[in-house]
Amino acid sequence: MGSITNPTSIPQSIREASGHLLHLKSSPPSIKVVPRSRGDMRRRVMAPEGRSEPKLIHGEAGYALEDVPLLTDYIPSLPKYPNPLQKNPAYSAVKQNFVNVDDSVAQKIVVHKNSPRGTHFRRAGPREWVYFDSDEVHACVVTCGGLCPGLNTVIRELVCGLSHMYGVTRILGIEGGYKGFYACNTIPLTPKSVNDIHKRGGTILGTSRGGHDTSKIVDSIQDRGINQVYIIGGDGTQKGASVIFEEIKRRGLKVAVVGIPKTIDNDIAVIDKSFGFDTAVEEAQRAINAAHVEAESVENGIGFVKLMGRYSGFIAMFATLASRDVDCCLIPESPFYLEGKGGLFEFIEKRLKENGHMVLVVAEGAGQELISESMRSKDHKDASGNKQLLDIGLWLSEKIKDHFSSKKSKMSINLKYIDPTYMIRAIPSNASDNVYCTLLAHSAIHGAMAGYTGFTVGPVNNRHAYIPFYRVTEEQNKVVISDRMWARLLSSTNQPSFLTEKDIEEANKKEEPPAHKFKEESHHDHHHDVLRVGDNGAADSSNL
Ligand SMILES: Nc1ncnc2c1ncn2[C@@H]1O[C@H](COP(=O)(O)OP(=O)(O)OP(=O)(O)O)[C@@H](O)[C@H]1O
Ligand SMILES: O=P(O)(O)OC[C@H]1O[C@](O)(CO)[C@@H](O)[C@@H]1O
Ligand SMILES: [Mg+2]
């Protein structure tokens, strides 16, 4: 048995700092330094109205812990219990059952001799003491937003993990997303009922956009006596979870609110990558292969594939990098133009002359400004307030066809358009995503049992961590076109960047860190912050 420390015995400096921060009322400016005590530098970041103050603990050499709330922050005298994992046969041979209470995960792993240690998050994992007796737990699981491979695996692993690790018997599935709390049925979930759901795509609970009525949701949680809420969803869902946490805290309820990040677009900030992303990239290969076969079988064939990616072009970028058959990849983050020197039409003509065929991949959010210019369309939104995109695939296919069939062009082309967008997210998750989903679910459960709340769980540099909601909702994860990963794509496809000097300037400006981030970390390698897949984790762009 390893380091056994009471989870409430957070070091004095940390407890003082957290307590101090929690009780201060906000006022300008956005960052304030509170008095230092021996080597412990504490800095306070103001929260928007209605949101809890962040729990920030600063230590030596620029160390910063962005901690997550504990139920005991607002319910001080909660009883605690020894973690039942100590007696669990599955864990009997484990050398260190519990993570050290001081363990934290560094957000940046590429450092220089004199660079500050930077932001850290609390490491996920089981704690020696828990704040829920197993019989007392009444958990619920809800899935919100769009589909993503692996949703059913996470549901399964939450149910089996709660049951097998902590002996929990009362777990409720909320049907139909957030509005299901007050407008749909619930279903009891047991290890038996979820046994083989991971083999199916979609979510057995159903999902929805919109319908986030905080009071009704929290009323429902309170009325049903639910005390652990597991919320699986994307950036919008995590914002919703944050509001639910605040309301639960305001009412003083002993309810842990845990977010599990889900997004096929990989647009959630801080975490290495989202579950289902690898599966989606793999499935996209089938469409790209088909496009390639079609294109190379005819004269001047163009295989054109549209993939998902509303604001972030990760699926298109990674599907392109994985495939090697793609001649040009267009993503929302990188502007492009059609006509004239250096434009897309000129490149298509050149590539067709060289190779006789080509494959084009476009993320659905790419080139939206070009379409809206030409169509003068209205801004349509979905039920969650997300912008409804114009179909770049159909629009661009027509534009390419029109261009090459015009009198000006001396080349006739044969374009085949493939739109597999929903097919890549409606499938079950692959093996590695399944394992990832298990770790996410287990980390989420350990956190809730240990009394942590108001957090999203996820891997940061390959270590699972508890991340405060505000950190995953304040910005979206996007492909950074001034990073070397995008350069790798450009050199792999050998396509033009379509960027003007002005675009490059804009791209660099967009990398400015949010205003509240600490000075210590803002002056260096910020780009590592933004491109997790391929930048921060296993495939660190600067190491390849
Ligand atoms: N700012 C917000 N505050 C409260 N609830 C929100 C907010 N934004 C979104 N939600 C709620 O979260 C749920 C899911 O949001 P959304 O449809 O944007 O999907 P998502 O979670 O971002 O997933 P994805 O985009 O990956 O499909 C919806 O029920 C929506 O009402
Ligand atoms: O049609 P739906 O279900 O609203 O989902 C489409 C959107 O969901 C996502 O998969 C995730 O946000 C986007 O890529 C896509 O634009
Ligand atoms: Mg979203």
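Let us start at ligand 2, which is surrounded by G146, G234, I264, D265, M308, G309, R310, E364, D382 and R425. Keep in mind as you look around that this is a predicted model. Sorted by class, the shell around ligand 2 holds 2 nonpolar, 3 polar and 5 charged residues. Where does ligand 2 sit with respect to the two domains? Domain 1 and domain 2 both contribute residues to its shell, so ligand 2 lies between them.

That brings us to the domains themselves. The chain is divided into domain 1, made of 56-272 and 429-472, and domain 2, made of 277-427 and 480-506. Each is thus written as two stretches of the chain, and the centres of the two domains, taken over C-alpha atoms, are 36 Å apart. Where they meet, 19 residues of domain 1 are in contact with 18 residues of domain 2. On the domain 1 side of this meeting, the touching residues divide into 4 nonpolar, 11 polar and 4 charged.

Now turn to ligand 1. There are 21 residues around ligand 1, and those that come nearest are G145, G146, G234, G236 and S384. If G146 and G234 look familiar, that is no accident of labelling: both are also listed around ligand 2. By class, the shell around ligand 1 consists of 3 nonpolar, 15 polar and 3 charged residues. Which helix gives the most to this shell? It is helix 6, residues 235-250, with 6 residues.

Helix 6 is also home to D235, a position where UniProt, in an unreviewed entry, places the feature "binding site". Is D235 buried or exposed? D235 has 24 other C-beta atoms within 10 Å, and 20 or more count as buried, so D235 is buried. Leaving out residues up to four places away in sequence, D235 touches T263, D267, I268, T473 and Q476.

From the ligands we can move to the nonpolar interior. As a general backdrop, nonpolar side chains in soluble globular proteins tend to be buried together. Here the largest nonpolar core has 125 residues, and Y230, V258, I315 and V361 touch the most other members. Helix 3, residues 151-166, gives the most to this core, with 9 residues. Both domain 1 and domain 2 supply residues to the core, so the core lies between them, just as ligand 2 does. To see the packing at one of these well-connected members, take Y230: setting aside neighbours within four places in sequence, Y230 is in contact with A139, C140, V141, L158, V258, I260 and A444. V258 in that list is itself one of the residues that touch the most other core members.

Finally, have a look at two backbone details. Most residues other than glycine have a negative phi. N266 has a positive phi of about 60° although it is not a glycine, and N300 likewise has a positive phi, of about 50°. N266 lies in the loop between strand 13 (256-261) and helix 7 (277-296), while N300 is found in the loop between helix 7 and strand 14 (301-307). How do their surroundings compare? N266 counts as buried because it has 30 C-beta neighbours inside 10 Å. N300 has 19 such neighbours, so N300 counts as partly exposed.

How values were computed: Residues are numbered from 1 along each chain as its sequence is written. Chains are lettered from A and ligands numbered from 1 in the order in which they are written. This is a predicted model: local features need pLDDT of at least 70, side-chain atom pairs count only at pLDDT 80 or more; totals for chains, interfaces and linings use all residues. A nonpolar core is a set of buried Ala, Val, Leu, Ile, Met, Phe, Trp, Tyr and Cys residues joined through C-beta atoms within 7 Å. A residue is buried if 20 or more other C-beta atoms lie within 10 Å of its own, exposed if 12 or fewer, and partly exposed in between; C-beta atoms are placed from the backbone. Helices (H or I, at least four residues) and strands (E, at least two) are DSSP runs, numbered from the N terminus. Domain bounds come from an automatic or database domain assignment. Two residues are in contact if their C-beta atoms, placed from the backbone, lie within 7 Å. Ala, Val, Leu, Ile, Met, Phe, Trp, Tyr, Cys and Pro count as nonpolar, Asp, Glu, Lys and Arg as charged, and the others, Gly among them, as polar. A residue is near a molecule or strand if its C-beta atom, placed from the backbone, lies within 6 Å of it. UniProt positions are given in the numbering used here, feature names are shortened, and annotations may be inferred rather than shown by experiment.
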